[in-house]
Amino acid sequence: MPKDNGIGASPKRREDVRFLTGAGNYTDDINVNGQAHVHFLRADVAHAAINSIDTSAAETMPGVVKIFTGADFAEVGGIPCGWGVTDRHGNPQQEPRHPIIAHDTIRHVGEIVAAVVADTLEQARDAAEAIELSLSDKPAVVSMGAALAEDATKVHEDLTSNLCYDWVFGNPDDDAVQAAFDSAAHVTTLELVNNRLVANPMEPRVAIGDYSRATDEHTLYTTSQNPHVIRLLMCAFVLGLPEHKVRVIAPDVGGGFGSKIFHYAEEAFCTFAAKACGRAVKWTSTRAEAFISDAHGRDHVTKIELALDADNNFTALRTNTMANMGAYLSTFSTSVPSYLHGTLMAGNYKTPIVQVNVKTVFTNTVPVDAYRGAGRPEATFQLERVIDKAARELGADPIALRRQNFITEFPYETPVALTYDTGDYVATMDKLEQVADVAGFAARRAESEKNGKLRGFGINCYIEACGIAPSNIVGMLGARAGLYDAATVRVNATGSISVMVGAHSHGQGHETSFPQVVADMIGIDESMVDIVHGDTGRVPFGMGTYGSRSIAVCGSAMVRATEKIINKAKKIAAHLMEASDADIELKDGQFTVAGTDKSVAWGDVCLTAYVPHNYPLEELEPGLEETAFYDPANFTYPAGAYACEVEVDPDTGKVSIERFSAADDFGNIINPMIVDGQVHGGLGQGIGQALLENAAYDEDGQLLSASFMDYAMPRADDVPFYQVDHSCQTPCTHNPLGVKGCGEAGAIGSPPAVVNAVIDALQSGGKDVTHIDMPLSPARVWAAMNG
Amino acid sequence: MYEFEFEKPSTVAEAVAALADEDAQALGGGQTLIPTLKQRLAMPSKLVSLSSIPQLKELSDNGGMLTIGGAVTHAEVAAAAADSYPALADLASHIGDPAVRNRGTIGGSLANNDPAACYPAAALGSGATIVTSTREITADDYFRGLFETALNEGEIITAVRFPVPEKANYQKFLQPASRFALVGVFVAKYAAGVRVAVTGASEEGVFRWHEAEAALDTSFAPDALDGLSVDAGGMIGDMHGTKEYRAHLVGVMTKRAVAAAG
Ligand SMILES: Cc1cc2nc3c(=O)[nH]c(=O)nc-3n(C[C@H](O)[C@H](O)[C@H](O)COP(=O)(O)OP(=O)(O)OC[C@H]3O[C@@H](n4cnc5c(N)ncnc54)[C@H](O)[C@@H]3O)c2cc1C
């Protein structure tokens, strides 16, 4: 029987009522009395020296409040990078200043050159057109290869080159690694591109700065996944404001996918400008601005080599990657191609030697940072593609080759610094073979061939490090922040509960799933519990939502705080029933004295806590409110196996996904329906990356796909009905719920499955194609077939 | 957008008069024009809405001649022509999304003449007549290249007359992002001969593939096209497909259109 309450139940998402009926309260829905509007004049060239900016005519235009240029921000800090990577020689990454408004140089199309604050947005735009810019164009540095050339133009004159860092991870001994390749029976090599993406959440970014002269307090309303992180970065590094004078509110947020983690210039601008103008200042990004100002994702160019012995055991793996940073270092940019990518290179396999080499590169493009999966999709893609290629070269069955090399004993220490606490990759593969009906593939292929189509089957395994992250470990690796989370459980006098959480829900359904946990622990109805999130003025200091961390980290904090509540409530119950608290049991919202029929209800205990007439005041404080901070002991390791089946139209190269099956191990599951939804969404984005999406620049640094006319998002009819199974569950060993997180799995595991399937289809049609770079658009597939 | 005046006349004559002002511009369904204005890429002094002129909303089927008013929406064509000219109705029903189809008009589409738009292929492939506020223009004379037509300043498309063919079909290969035609081919078989019009592919905009027409005149079957191809030289090459790919697709889509026309 499916449960209808608590952990394991699938109640419908309560937040959907307001989202689906237009009652959501998004940042753009907020209007502050007397607010002015800012229009950002953005660079339309990729690289230029700014000789002068003449705002005099613009300042006299109707409605103009104030015009800001880079000079106005000379006294404040730049946008900080939250992670310092140390390179292979022990040197720190090169870290350029990241100004709020371009000062003397423009470094990417879309960079803010001036900001016009006016009574109305149209007036601000009118005035922006009257600003006179004198620029001297410089050569645009666009491709990473060209950026690293000896005589390349520098994106930042004050740095020694366009190299941010040159990093090695895993086994640093080149000779030892080479020796493993030299003694291999077979080596498979693959060069590939992990295509640059634009996150494109449905809601574009918005920021509203408000300032009260009465209290000297700032309020920033912003579309963020982590309001406390924004407050910390903006106060401590950019504007130098005391945190207690700044409140950051991220209300309903319409999707983030990573792109709303980062601290952006527009947030600091609106906060700064509100005080400078004496008025609230509002900015709502247009879609066109989003394409050239939201941090992009991925953009790696990789060569990967896999060595195998004569029995097809993996003996060594070596990768060389160039990763694009864009023009500046966004908040988590440097951690993505290093620690979030290199640590996952072992995958699900017991390869003894792994060496990861990464060069991160500055170019005159939009900054690149975490996007759903962040580094882990890049790792999975290259690994699972090279394994598939090896299987083809060796004539081995791709499933058998993977099975043979699976890690089967846990805990397992990888050669790339992680300790997988638990998992069962054989079980997920068994499950996948069943869900994907591998046995029926031959018949389905024959049917497709009858219709003139090529059919392919592609397999893929993934593992990810989620529940980010143990603060001491990431601190050692260069993180400039802790990655714990926090929750306050506030029980009201009548027994209802508000839980203030540091995680932020922007599509994940926390408002439904978090209360399920608390209600389950106490044994009351979920409707008695609400969460509060997204407001530094109301919730404890938490680090927000990304890296599939919310239930694993913040949920653990919530469990710890609820345990404290239960302990205290038991003491109150013991007092009321004149028993010892060690004898008190809590079940279904009733406290009973073990072995007796004496009981007192949850509500009575709560009331007693707030109306302490009969209460052990000498021993116990009144009230019922507890906070817990939780710092995880390890990462969590969701893993699974995916299968994709495609049809390729040989006449046009068009790929259609006929089946997609996923067998995931997420450990314990709070709300199976929400988990299904998270996987579906991730798969949709991964399929989007594999078949459709491409942020392409021309050689002048202009984004060619700068609107939905050219940037192809996956639509409903681009994806199939999914078979999703998460019945394989090896609970996480180190957090109280045994949960691992499920937010990114779909996006990590699907691109290689799709590409592997297309290659399988083409080879079944006798085409000698071993690789096609994503997106596998009809044009590219056709070109590969006819190449 | 920039500021502009707005007029909503109820007759063609009033609309023509309103459009006589310098920089006045007609507004059909606004599906192309409004986004252009929002991006400040156009600065008309006045918009003259054609949506309240009854004459432009007329649709008639007159013994083998389908006449569609210039302000008739794509959704209305999809519904009204389903029996009389199914290939045309089908084309209209696959333009954009429901919002676009319920606002966008045939007059707007033909006036705009986007090189990847669908209606130009139907008009040219059907040998339609573009009826304007001042004259009648055959489709063969009307299309003049990318976003270029025979229309003069202030001239309004009041109707489009489509001779209904014996058989016809439109095959649209989607550009993955915009879902306009990466290549679209309209094939129509008339007693007087076959017409093949190609959109999306050429740097010159919609064009007739005369070689294919001649082959299909001889035998209206897909294999009549075997060995025929358009020259990749004049094709569009961009991030969604090379010139060669588009040239190849013209052949594939033409065959499919012939096969589907039956
Ligand atoms: C998301 C989206 C998807 C689309 N997909 C497709 C597609 O798949 N295939 C396709 O073919 N099109 C597509 N379109 C374009 C759509 O068909 C437009 O409706 C059409 O191009 C313009 O028609 P309109 O009535 O909206 O014209 P408007 O935008 O109002 O006007 C366009 C131009 O035509 C002029 N004009 C309008 N009416 C007349 C008239 N009667 N006489 C003279 N001049 C006139 C205007 O002055 C303006 O210059 C799409 C549009 C969008 C927004």
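Hi everyone, let me start with one pair of residues: A:Ala48 has its bridge partner in β4(A), and that partner is A:Ile106. Before going further, please keep in mind that what we have here is a predicted model.

So where does that pair sit? Strand β2 of chain A covers residues 48-54, and it pairs with β4(A) in the antiparallel sense over two bridges. Step back, and you find an open sheet of three strands in chain A, in the order β4-β2-β6, with antiparallel pairing. β4 (105-106) and β6 (132-137) of chain A are at the edges with a single partner strand each, so one side of each has no neighbour in the sheet. As a general reminder, strands of a sheet pair through backbone hydrogen bonds, either parallel or antiparallel.

Now to the helices of chain A. Helix α10 spans residues 376-394, and A:Pro377 is found in it. Is A:Pro377 buried or exposed? With a relative accessibility of 2%, A:Pro377 counts as buried, because the cut-off for that is under 20%. What does A:Pro377 touch, leaving aside its neighbours within four places in sequence? The contacts are A:Asn194, A:Arg298, A:Arg372, A:Ala747 and A:Ile748. Have a look at A:Ile748 in particular: 371 residues separate it from A:Pro377 in sequence, yet the two C-alpha atoms are 4.2 Å apart in space.

Staying with α10, A:Glu384 makes a salt bridge to A:Arg402, with 2.7 Å between the closest N and O atoms. A:Glu384 lies in helix α10 of chain A and A:Arg402 in helix α11 (residues 398-405) of chain A, so this pair ties together parts that are 18 residues apart in sequence. Both A:Glu384 and A:Arg402 are buried.

Next, helix α15 of chain A, residues 510-522. Its 13 residues reach 18 Å from the first C-alpha to the last, close to the 18 Å expected at 1.5 Å a residue. How many of the residues of α15(A) are buried? The count is 11 of 13, and the helix is mostly covered. Among the buried ones are A:His510, A:Glu511, A:Phe514, A:Pro515 and A:Ile522. Just after the helix comes A:Gly523, with a positive phi of about 85°.

For contrast, let's visit the surface. A:Leu607, A:Tyr610 and A:Val611 form a nonpolar patch there, and together they have about 230 Å² of accessible area. A:Leu607 belongs to helix α17 of chain A, residues 602-610, and is partly exposed, with a relative accessible area of 41%.

Back to charges for a moment. Over all chains, a search of the whole structure finds 59 salt bridges. One of them joins A:Arg13 to A:Asp16, where the closest N and O atoms are 2.8 Å apart. This pair straddles the 20% cut-off for buried: A:Arg13 has 19% relative accessibility and counts as buried, while A:Asp16 has 21% and counts as partly exposed. There is also a network of salt bridges that links A:Asp437, A:Arg444, A:Arg455, A:Glu645, A:Glu647 and A:Arg659.

Finally, chain B, and strand β10 with its two partners. Eight bridges join β9(B) to β10(B), and these strands run antiparallel. One example is B:Ala168, whose bridge partner in β10(B) is B:Ala188. The hairpin of β9(B) and β10(B) has six residues between the strands, and in it B:Arg179 takes a positive phi near 60°. On to strand β11 of chain B, residues 193-199: seven bridges join β10(B) to it, again antiparallel, and B:Gly184 has B:Thr199 as its bridge partner in β11(B). The hairpin that joins β10(B) to β11(B) goes through two residues.

Why is β10(B) largely enclosed by the rest of the structure? Because nine of its 10 residues are buried. B:Lys189 of this strand counts as partly exposed, at 22% relative accessibility. B:Lys189 forms a salt bridge with B:Glu166, with the closest N and O atoms 3.2 Å apart. B:Glu166 sits in the loop between β8 (157-163) and β9 (167-174) of chain B and B:Lys189 in strand β10 (residues 181-190), so the pair ties together parts 23 residues apart in sequence. B:Glu166 itself is exposed, with a relative accessible area of 51%.

That's my tour, thanks for listening!

Notes. Residues are numbered from 1 along each chain as its sequence is written. Chains are lettered from A and ligands numbered from 1 in the order in which they are written. This is a predicted model: local features need pLDDT of at least 70, side-chain atom pairs count only at pLDDT 80 or more; totals for chains, interfaces and linings use all residues. Side-chain values use heavy atoms; hydrogens and water are left out. Two strands pair if DSSP finds at least two bridges between them. Helices (H or I, at least four residues) and strands (E, at least two) are DSSP runs, numbered from the N terminus. The expected span of a helix is 1.5 Å times one less than its number of residues. Buried means under 20% relative accessible area, exposed over 50%, partly exposed in between (1.4 Å probe, protein chains only). Contact means heavy atoms within 4.5 Å. Patches are made of residues with over 30% relative accessible area and no salt bridge: like charges are joined within 9 Å, nonpolar side chains (Val, Leu, Ile, Met, Phe, Trp, Tyr) within 5 Å. Accessible areas come from the Shrake-Rupley method with a 1.4 Å probe; for residues, only the protein chains shown count as cover. A salt bridge is a side-chain nitrogen of Lys or Arg within 4 Å of a carboxyl oxygen of Asp or Glu.
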